[in-house]
Structure formats: structure tokens, C-alpha cells
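User: Hello! I have just opened this protein and would like a friendly tour. Could you walk me through it?

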Amino acid sequence: MKSDFRFAALLATAAVLGFVVPGPVHSSARSTQDEKPPKEKPQRSVEQPPRIIAMAAKDFEFDPALIHLKVGEKVQLRVISSDRTHGLHISAFPDGAKVNTPPGLAFIFGEDCWKLKKGESVPVDIEATEPGTYSFQCCKSCGTGHKRMKGQIMVEP
Ligand SMILES: [Cu+2]
């Protein structure tokens with residue numbers, strides 16, 4: 001009788017193990033199924049931070065007044081006026097654009113006219129998407145030289 005009991009105990013243990021072991025296997029199988037559409041599988045190349053370009057606005061000039069970019073490049077202008085309030089308008093369309101020419105500059109926070117208060121650094125995030133020459137100019141009436149206060153962004157393929 002005693003050996004029968006031991007045998008039964010062994011059987012019971014085996015049964016318990018038999019039930020317990022597949023448990024986690026099943027649940028892990030289930031969880032892999034749940035993750036079938038992988039949430040963060042594609043390891044995207046780490047986004048490059050934008051190139052920073054410091055730009056001064058003063059004496060009716062932007063400095064630099066000519067900026068070279070490559071298609072696909074992201075830059076952040078940091079524009080500071082050091083004399084008075086100016087403005088910055090950048091055309092998203094290349095010079096000589098026709099009615100159906102698409103824009104070739106993208107702005108993360110687009111403004112028609114960024115206000116440049118004296119001493120304040122204004123970030124302007126730009127992504128160049130199409131080659132071309134894009135004009136910018138002062139867009140706040142700032143005085144005698146207002147109309148000649150301009151520059152260009154040249155985007156090369
Ligand atoms: Cu002006």
C-alpha cells in the first residue's frame with residue numbers, strides 16, 4: 001500500500017509539473033502572438049539634429065545673407081537682431097516658381113513673418129526638400145534700409 005501511495009504521489013507530482021510547465025509556454029506563445037504587429041521593430045536611423053546657423057539681423061542686413069543647403073538637409077537658423085525689431089520672411093517657393101511649382105522648403109513651425117525683437121534669439125527650423133533659390137527678406141518696416149534687407153537660401157541637389 002505504501003508503495004502505491006508513493007507511486008500515486010509521483011504521478012500527482014508529474015501531473016502537476018505537466019500542467020504547470022506548459023502554462024508559461026502557452027502564455028508566452030500568446031504574448032508573442034499579441035505582439036505580431038511589432039511596435040518598435042524597424043530601427044530607424046537616429047534622427048540627425050539640425051545644423052545650427054547663427055544669423056544676425058542689424059544695420060539693414062542679414063548676416064549671413066547667403067545660406068547653402070543640400071536637399072534633405074535640416075537646419076535651424078537662430079536669428080538675433082541687435083539693433084531694433086526686424087522681421088524675417090522666407091519664401092517656401094523657389095525664385096521663378098510657376099503656378100504649379102511645389103514648395104521646396106518646409107518649416108516645422110511656419111510663420112509668414114518671424115518677429116525679431118532686439119536681443120531675442122528666434123529659432124527657425126527649415127528642411128530643404130527641393131533644389132532652388134529661396135529668397136528671404138525683412139518683413140517689419142524697420143527704417144530707411146528696410147527694402148534692401150534681404151538674402152537667399154540656395155538649395156543644391
Ligand atoms: Cu525691415
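Analyst: Happy to help. Two residues are in contact if their C-beta atoms, placed from the backbone, lie within 7 Å. Please keep in mind that this is a predicted model.

User: With that in mind, which residues does Ile90 touch, not counting residues up to four places away in sequence?

Analyst: Leaving out residues up to four places away in sequence, four names remain to look for in the model. Those that Ile90 touches are Leu105, Tyr134, Phe136 and Ile153.

User: Which residue of S9 is the bridge partner of Ile90?

Analyst: Strand S5 covers residues 86–90 and strand S9 covers residues 132–137. The two pair in the antiparallel sense over two bridges. In S9, the bridge partner of Ile90 is Phe136.

User: Which strands stand at the edges of the open sheet?

Analyst: Five strands form this open sheet, with mixed pairing, in the order S3-S10-S9-S5-S7. At the edges, each strand has a single partner, so one side of each is left without a neighbour in the sheet. The edge strands are S3 (66–70) and S7 (114–116).

User: Which strand gives the most to the largest nonpolar core?

Analyst: The largest nonpolar core has 22 residues, and those with the most contacts inside it include Ile90, Leu105, Tyr134 and Ile153. Several strands each supply at least two residues of this core, among them S1 (51–58), S4 (74–81) and S10 (150–156). The strand that gives the most, with three residues, is S8.

User: And how many helices and strands are there in the protein?

Analyst: From the N terminus on, the elements run α-α-β-β-β-β-β-β-β-β-β-β. That gives two helices and 10 strands.

Conventions
Residues are numbered from 1 along each chain as its sequence is written. This is a predicted model: local features need pLDDT of at least 70, side-chain atom pairs count only at pLDDT 80 or more; totals for chains, interfaces and linings use all residues. Helices (H or I, at least four residues) and strands (E, at least two) are DSSP runs, numbered from the N terminus. Two strands pair if DSSP finds at least two bridges between them. A nonpolar core is a set of buried Ala, Val, Leu, Ile, Met, Phe, Trp, Tyr and Cys residues joined through C-beta atoms within 7 Å. A residue is buried if 20 or more other C-beta atoms lie within 10 Å of its own, exposed if 12 or fewer, and partly exposed in between; C-beta atoms are placed from the backbone.
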